[in-house]
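Colleague: I'm new to this one, so please pick out the charged side chains that pair up and walk me through them slowly.

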Amino acid sequence: MRLYDELAKSDAFLAFTGARAIFLPLRAAYFEGVKALGDFSEQRIEVCFSACSIAVEGEGLSIGKYTDGDLCVLGKVRTLSLLEGV
Amino acid sequence: MTERVLIEGMMPYRALNRLRREGICLKNVQKVQKNQILFTVDSKDIEKIFAIYPNVCYNSGKYTPYTTRILPPTGRKKAWTTFKKRAGLWLGGVIFLALTLLSDTLVLRIRVSGATAYTQSVIEILGRHGLEPYKPYTTERVDIISAEILRLDGVGFCSLKKVGSTLVVEVQTAPFHEK
């Protein structure tokens, strides 16, 4: 994905086993390689990957797009935290 | 075209995962209530969604952990749907307006007032200058027509006026005219 290649140069790029993520503080978070979506609310969204789970926390969170392993979280994203896994 | 879908059931995010696994692209996902999620999908995916999670109101014999509902459109889409539903009304309105505008430029009736004895002569003069019922009205030749009517024997005053779609010609005889 060219978008990821472009953004990979920035500090907000994260890569972990079987997945990649781009974190744009207070704006959005993009994930690739999403296995499933956990419970979600406007403050917290749980994202499951093949090897780990991540919690996206912030305010006014919503899912812009969820398709075929790609997830776009919109809203004031403040933190990404590892819930379990590597 | 997109549709807004409301999915209802315990832990509705599980339904989202199932729909995603089936290759359905979910957009603008929002949690409305604890057991309700609202999202937007392409219209082509609607059948697939109802095949996975039917609306039990219509299939009461079939068990499903989640029920789906298509919400009525809002905003621009609602306006377009309303417009399409009442296409006949809009078309009728447009035709009515066009006819009104057209009829305003046409002469539908000619009325001669005052000295009605000159009616036939006046209508003949108007006809020579192209002013007849169901023909367009122009003010270009009004002066020439008035002059020609005034040339009629005994006519002392003449005026042409269009009132709505009626052309009113007022003809008055000269006060000291001898017949």
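Modeller: Let's start with B:Arg18, which counts as partly exposed at 32% relative accessibility. Keep in mind that this is a predicted model. The partner of B:Arg18 in a salt bridge is B:Glu22, with their closest N and O atoms 3.4 Å apart. B:Glu22 is partly exposed too, at 36% relative accessible area.

That pair is part of a bigger tally, since the structure holds 11 salt bridges over all chains. Another one has B:Glu8 and B:Arg69 meeting at 3.9 Å, N to O. Here the link ties distant parts of the chain: B:Glu8 sits in strand 1 of chain B and B:Arg69 in strand 4 of chain B, 61 residues apart. B:Glu8 is partly exposed at 27%, and B:Arg69 is partly exposed at 38%.

Further along chain B, B:Lys135 and B:Glu132 form a salt bridge, with the closest N and O atoms 3.3 Å apart. Over in chain A, salt bridges that share partners join A:Arg44, A:Glu46 and A:Glu57 into one network.

Two members of that network lie on strand 5 of chain A, where side chains alternate: A:Arg44, A:Glu46 and A:Cys48 point to one face and are not buried, while A:Ile45 and A:Val47 point to the other and are buried. On one side, strand 5 of chain A pairs antiparallel with strand 4 of chain A over 3 bridges, and there A:Val47 is the bridge partner of A:Leu37. Strand 5 of chain A also runs antiparallel to strand 6 of chain A, joined by 5 bridges, with A:Ile45 opposite A:Val56.

Conventions: Residues numbered from 1 in each chain as written. Chains lettered and ligands numbered in written order. Predicted model: local features only at pLDDT ≥ 70, side-chain atom pairs only at ≥ 80, totals over all residues. Heavy atoms only, no water. Buried < 20%, exposed > 50% of the residue type's maximum accessible area, 1.4 Å probe, protein only. Helix = DSSP H or I, 4+ residues; strand = E, 2+ residues; numbered from the N terminus. Pairing = 2+ DSSP bridges. Salt bridge = Lys/Arg side-chain N within 4 Å of Asp/Glu carboxyl O.
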